[in-house]
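Notebook open. I want two things from this entry: the enclosed space first, then one strand and its partners.

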Amino acid sequence: MKKTLLLLILCFQYSLWSQSNCAEAIAIEPGNHTVGTISGTPPTTFCAPNGSATSAVWYRYTPTTSSTVTITTDLQENASNSRDTRFHVYTGNCENLTCLTGDDDGGVLGNGFLSIATFLVTANTTYYIAFDNRWQNSSNFVFQLTLGQVQDPGPTGNLSFTNVALPTVNSQYNIAVVDMNGDYLDDILGVSSTNIKVHTQTSTGGFDVLNFTTSSAVNMPTWSMAVADYNKDGHNDLMYGGGSGVTFMKSSADGSAYIQETFDQYVFCQRTNFVDLNNDGNLDAFSCHDVQPNVYFLNNGSGQFAFFQSNNPLYPGAMALGIHPNGGNYGSIWIDYDNDGDQDLFIAKCRGGSGTAKFNELHRNNGNGTFTDVSVAAGLYDPLQTWSSAWADFDNDGDMDVIVGASSTSDGSHKYMRNNGDGTFTDITTGSGWDTNTSTNIEHIAYDFDNDGFVDVMGGGSKIMKNNGDGTFTAVPVGFSVAAVGDLNNDGFLDFQTGATLRINNGNSNNWIKLSLQGIQSNRNGIGARVEIYGSWGKQIRDVRSGEGFKFMSSLNVHFGIGEATQITQVIVRWPSGIVDVFENPTINQRLHVVEGVTLGTPTVNAEAFQIYPNPASHSLQIKAPASKSIVSVVIYDALGKRVLTAPVVNDSIVIQHLTQGAYILVAKDQEGSITSHKFIKN
């Protein structure tokens, strides 16, 4: 009897110590677990670094709630025995496992060869855990599985993050978070010389890994990267900003490959952007030049670029977008600061010799393919040494303000400049919290990280400057620096990706909405669109941008926090084409996908800007503008968002007789460049 009992015990222990493969993985719960001899089948894919192994022991864990999980061997009993462990965590099923995370030497106890990783789990999803025999002292140890509370909402306004390891993020440059597979979930993009690696976010949590082999890139994104769909095929393309030039990686028609296009011209790239410079519906590309006037690439409408350089006689007709011969151009950002519907350019200047080369620049888009330097008139012409600026409507009054972030104190400190709504800015730094913020950085970015309805700023000092909503900011330490931003667990709160570590926003009870845009007449990503939301708080605005801060590429989705409010009364999307889409009372705490022209709406806030009559109409439309304005041009779009008529206004009238019957939207521009719109019916 004793021999039989002993045999049963030994068999049970063997089943715990030597799970032979994934299919026979032992189910575990939170707590401590003992691993004996490792002799089972090894994985075919290893999530943790440092090579392969010949054996493994397998476990599986199925959580009942969504939270974070920490797996660790970094325990004193393992340290005292000089254990050396490595493990891998997978999602999927045993026939098709996908790496989620893993670790080799993340521990701190003993010899430093123990392992630890924290990762997000989704309720009722099975996760497979394999410990292998990669190292000599890898058997006979204890591991611990514990639960965290990341996805439990905290107090309103709470702002904190949990570090989650994702060691498969291991490309040479991991500086972008943006949707890459067309599902509008934010993915993680990494690039190496001959590889583009995408961690695509899954709808159930975690990431799948895709690899694309490329020709050897002539220029790598040593300074910055921008992402957008510039050839309008539904797949995002890449722009690498290198120390000697620009390289584009353009998607193939089916998104299965990337084709390199590199220009011969020398460019000491700093910030790169995709932007529609001439508002023809096609995305162009822009790059700050550190030692010469800035450069840009005009899109011919077929996804082919032509190179231009400001103030260079070799490129007749080049736009004046930072022409100083000594360069000094670092952080370009495209915003609509004057609310006229087109994209203006602010350049953060770090250096460039003496005199005017060091002064920051604001270039107003004139709406006709030209730009005017309005730096002095706007009050933004100053020698503050900066690599980037953070633009947002910090006071929610309907126009873009700016925090010019100092990268050094040699020429001054941070400046908080309020937009006066008349093309000028007022310095309100004193008493705002920016006057006492001594942390400098090359990166400054603006997002509402706590979803309270006021846009915060992250810069130097491993802290977020929380917007208090009263013109002041408070420093909130977070323990990490600026990185690429996106919603990496689809919970409506913005996270960071720093190399192989995800900084997952712990969230709170505040409400939110996020929008994904699909342009038709405008560029595919809706870059340059102005998004507005209205509710009990009044109004909030965002501009869609490709490339902000200094080097990172962040989400192209549009995020709003609304605090404790439970309703959004109206969402307005003003596309670069002039088309306006309006949504009444959208559902909160979800993503709203907007296809250009889907509503052909007219916001009530613009209803008095001008009037059209009769409506319906058969032969012509009369256009009546307020006494202080005059309509100078009109564009008409059909129900599919296609431009069908562009014409001047003659005697306050426009002929529509040749249009077929149906619904249309009329977009008018006044003498100040402001755009307004109305729907009408053609009989």
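I sorted the lining of the largest cavity by residue class. The count came out as 11 nonpolar, 3 polar and 6 charged. I note that this is a predicted model.

Which residues lie nearest the centre of the largest cavity? I found Ala446, Tyr447, Arg542, Asp543 and Glu548 there, out of 20 lining residues. I then looked up the volume of the largest cavity and got about 260 Å³. The structure holds 5 cavities of 30 Å³ or more.

Next I checked which elements supply the wall of the largest cavity. Strands S27 (388–392), S31 (445–447), S40 (538–543) and S41 (558–563) each give two or more residues to that lining. Which of the elements gives the most? I have S40 down for that, with 3 residues.

Second item: strand S47, residues 631–637. Is S47 mostly covered or mostly open? I logged it as mostly covered, since 5 of its 7 residues are buried.

Then I traced the pairing partners of S47. One is strand S50 (residues 662–670), paired in the antiparallel sense over 6 bridges. Within that pairing I picked out isoleucine 636, which stands opposite leucine 666 of S50.

Strand S48 (residues 643–648) is another partner of S47. Here too I read an antiparallel pairing, over 5 bridges. What stands opposite valine 634 in S48? I wrote down alanine 647.

Methods:
Residues numbered from 1 in each chain as written. Predicted model: local features only at pLDDT ≥ 70, side-chain atom pairs only at ≥ 80, totals over all residues. Heavy atoms only, no water. Buried < 20%, exposed > 50% of the residue type's maximum accessible area, 1.4 Å probe, protein only. Helix = DSSP H or I, 4+ residues; strand = E, 2+ residues; numbered from the N terminus. Pairing = 2+ DSSP bridges. 1 Å grid on protein atoms, 1.4 Å probe; cavity = no way out; pocket = protein on both sides within 12 Å on 5 of 7 lines; lining within 4 Å. Points joined across faces, edges and corners; volume = space filled by probe spheres on them. Nonpolar A, V, L, I, M, F, W, Y, C, P; charged D, E, K, R; others polar.
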